[in-house]
Each structure stands twice: as C-alpha cells, then as structure tokens.
Amino acid sequence: MSNEGLNKKEAIQLFSSIKEEPNWFLENRIAALNLAEALPLPLIERVKFNRWNLKSFAIGEGDSLTTDLEHDIDSSQEGGAKIVQIGAVTYWEEMAQELIDQGVIVTDFFSALQDYPDLVKDHFMTKAVHMEEDALTAYHAAMLNSGIFIYIPKNVVVKGPIEAHFVQNARIDEAFVKHVLIVADVNSSFTYVERFETVGQKENTANIMVEVIAKEGAKIHYSAVDTLGKNTDTYMNRRGYLEKDASIDWAMGIMNDGNLVADFDSELIGNGSQSKVAIVAISSGNQVQGIDTRVTNTGRNSVGHILQHGVIMDRSTLTFNGIGHILKGAKNADAQQESRVLMLSDSARGDANPILLIDENEVTAGHAASVGQVDEEQLFYLTSRGISQAEAKRLVIRGFLGAVITAIPIKSIQEELVQMIEHKLVKST
C-alpha cells in the first residue's frame, strides 16, 4: 500500500479510536476504504461529475469546533424531538418526556453505536444501501464522521415532528460525511423533518446518506429542505426500504447553491408497500444538479409515485432521471412518474428523462415529462391586470412548483421553502 493509503488508514483508525467504535465498525471502515479506491463512481445519466470534489479524505478528529451561525436555530419543538449538529458536533438535543417513556430513540450516531450496537449493526448499510455499490457508497462507509440514529418502537405513534438540523462547517477543512439511520418498527408512525445548510466558504466534500427502514405497517412522512453552499460539491443518497404495508411519503426541497448528484430510491419490498416522492428543485448560476429518483416495485400491490418539478436559471443545469422498475412477481403494482423542468434562461440546460422498466404483466405504469419555458399567455394575462413582468413571472413559477410544495405536511416548512424560492428568483432577476 502507498504512503497515501497508509495515511488514510491511520486517520480512520485514529478517528475510530476517539469515538470508541466497536471492532466490527472499524473493520467495515477499512474494507470500505479499499473499495472506495477500486470501485467506479455511480452512474447518473446525462451528468458528468467525475472531476468534482466528492472524495476528500479530511475525516477530522470528531471534535471540530462549533461555529457562530448567521441566524438563530429554532430550538422549540411540540411533542416531538429535535437534534442539531454543526459539523461533527452535536450542538442541541431534546425530546419530549412522553417519547422517552415510549422508548423512542433520537441520538448521535456514535452514541448509538455504543448504547444500541445490535440495532445499529442490524440496519446500518445492510438493507437500503450497501457499501459495495460504488465508490461513493464505499467512501461514505469508510469516512463517516457524523450522523444520527432514530428508532421508533412497535405501535408507537409520535404526535409531534422529529426534527434534525445539520450545518456543514465550511470554515474548517473537514469532509461533511453525514449518516442518518432511521428505523421505524412495526405499525409505528411519525413525521421527520430534515434541514441541511452550510456556513463558511471552504471547498469541502459533502457525502450524505439517509437510510429509512420502514417495517411492516410503518407510516413515515419525510420532509427535507437542502441549502448547502456554493463551494460544496454534494453527493446525496436518500434510500427507503419498505416492508409489507409500509409507506413513506417523501417531500424534498433541493435549494443548494453548489453542484449536486443525488440518488433518491425507494425499495418496495413488501406486498402493499407504498412510496410517494415529491421533489422541487432550483438551479442557478453555473450550478449543475443531477437527480436520480427511482422506485422499485418488488411486492405485490405496491405503489410507487414520483413527482418532480424544477426551475433552471442563468447558465445552470438540472437533470431529472425518473426511474420506475416493476420486478417479476410484483402483480398489480403501480408505478407512475411526472418530471417537469421550467427554463428561465436560453443559456440553461434542462433534462427530464422518464424510464420505465416493466418485468411483469397485470401492472399499471405511466410517465409524463417536459422541458419548457414560462407560458407567455399566463404572463400576458397577469401583466394585463397591472402586475409587473418580474412579479408575474414569479407568480407563474410559484404556481408551477406549488404542486410539490403542498405535499409537505408541515406548514412552517412550506413557508420556509416558499421564502427560499422567492429569494433565489429575486437574486437571479
């Protein structure tokens, strides 16, 4: 092995020792390090990202200093739980007593490794994602340096939202390798809200992985707002693994300023499982964003729906790949998708690529895709009633994105997303 390889291995071993990780986890890291250097990058159709900064080996020592934020983080929560992490440090953590009494777990990932080792070992990169998939999943398993673990016990219904707020500290040289592991046990139900943002301007890697394991009958509402920084090249992997009659409703606002490749997948393993994915994205400046959204129907009577709406401005690029795959044996499965891109600049590039792979009869499947510009008739109607051209365009765009925004179950998150969209539109005009 080269000296560079030894340095990486030594850095990982030091980090693991500081975190007091179990031996099996360190062994996974070393195996993943070798795979990260041997495996190819994932394939995201029509997006070239091989030269992006996606594999920095600045793991840090797990004790990066917290930093002053440019705004306050709301620490209130009603009947649920909230955890805030800045860089690799847990900054804030709280949970309603009722949830503690019910056995709900919301904690730092490394605390979970020590306190709930069997739960973590059974679910960490064993079902939704596997480290040997490609170079970036392997890199993640080797370099993971922060994250959280959430467990909802059987038959527990969480009334208030569980919130996670993650801040990338780009004021120091440290890779942002975040892992979110969520296990929803049989017939549990809850709402999870996730935010990502960046402070600072350093060019750091962001490799983010979310695994949601929905066991039989579990019901999950998952909302996310991503606002990572301009100098951050991001790989985002959100995966759902759904057993019999489980459901995950995904609603995601992709509002990053930097380059992004994303893999949003739902594996409908159990009969009667359901996944609905709603995504709104905006690309601006010279930004490149490629989003693969895939639903794989394995179980009978499983339902997978994808709704993606995006806006591109300036000289940016936005690619939606919608993939519906119905496997042999998935009788009466339903796979539907809609991907639409609105172009606000002749210099921008947009792609909406529908892909249906059907290996079974007696199924329902369909797709819709479009790339186009703002409807001139709508603009004329609005401007003829005294609305300025710029405001009319923003109203049309908000209407175009509204179908996705309304899928988010929490009003405050809807309002936050609308404000971010407005900020990006005003900034670009």
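**Exercise 1. Strand β13 and its neighbours**

Task: For strand β13 (residues 274-283), state how many residues are buried, and find which strands pair with β13.

Solution. Eight of the 10 residues of β13 are buried, so the strand is mostly covered. Buried means under 20% relative accessible area, exposed means over 50%, and partly exposed lies in between (1.4 Å probe, protein chains only). Helices (H or I, at least four residues) and strands (E, at least two) are DSSP runs, numbered from the N terminus. The model is predicted, so local features need pLDDT of at least 70 and side-chain atom pairs count only at pLDDT 80 or more, while totals for chains, interfaces and linings use all residues. Residues are numbered from 1 along each chain as its sequence is written, and side-chain values use heavy atoms, with hydrogens and water left out.

Now take the pairing, where two strands pair if DSSP finds at least two bridges between them. Strand β11 (residues 247-254) runs parallel to β13, with eight bridges. Here S247 is opposite Q274 of β13. Strand β15 (residues 303-312) also pairs with β13 in the parallel sense, over 10 bridges. In that pairing V280 is opposite H309 of β15.

**Exercise 2. Strand β5**

Task: Decide whether each face of β5 is covered or exposed, and name the strands that pair with β5.

Solution. In a regular strand the side chains alternate between the two faces of the sheet. On one side of β5 are I162, A164, F166 and Q168, and on the other are E163, H165, V167 and N169. All of these residues are buried, and both faces are covered. The count for β5 is eight buried residues of eight.

Next, the partners. Strand β1 (residues 81-86) pairs with β5 in the parallel sense over six bridges, and I83 has A164 in β5 as its bridge partner. Strand β7 (residues 189-199) pairs with β5 in the parallel sense over eight bridges, and I162 has Y192 in β7 as its bridge partner.

**Exercise 3. Helix α2**

Task: Check the span of helix α2 (residues 23-38) against its number of residues, then list its buried residues.

Solution. The expected span of a helix is 1.5 Å times one less than its number of residues. With 16 residues, α2 should span 22 Å. The C-alpha atoms at its ends are 23 Å apart, which agrees.

An α-helix has 3.6 residues a turn, so residues three or four places apart point the same way. The buried residues in α2 are W24, F25, R29, I30, A32, L33 and A36.

**Exercise 4. Two positive phi values**

Task: For M125 and N155, give phi, the place in the chain and the burial class.

Solution. Start with M125, which is not a glycine but has a positive phi, near 50°. M125 sits in the loop between α5 (117-123) and α6 (135-143). Its relative accessibility is 8%, so M125 counts as buried.

N155 is not a glycine either, and its phi is positive, about 65°. N155 sits in the loop between β4 (146-152) and β5 (162-169). With a relative accessible area of 54%, N155 is exposed.

**Exercise 5. The second largest pocket**

Task: Describe the volume and the lining of the second largest pocket.

Solution. On a 1 Å grid over the protein atoms alone, a pocket is an open set of points with protein on both sides within 12 Å along at least five of seven lines, and lining residues have an atom within 4 Å of a point. Grid points are joined across faces, edges and corners, and a volume is the space filled by probe spheres set on the points.

The second largest pocket has a volume of about 230 Å³. It is lined by 13 residues, and L43, D263, D292, R294 and I323 are the closest to its centre. Two or more lining residues come from each of β12 (260-268) and β14 (288-297).

Last, sort the lining by type: Ala, Val, Leu, Ile, Met, Phe, Trp, Tyr, Cys and Pro count as nonpolar, Asp, Glu, Lys and Arg as charged, and the others, Gly among them, as polar. The lining has five nonpolar, no polar and eight charged residues.

Conventions. 1 Å grid on protein atoms, 1.4 Å probe; cavity = no way out; pocket = protein on both sides within 12 Å on 5 of 7 lines; lining within 4 Å.
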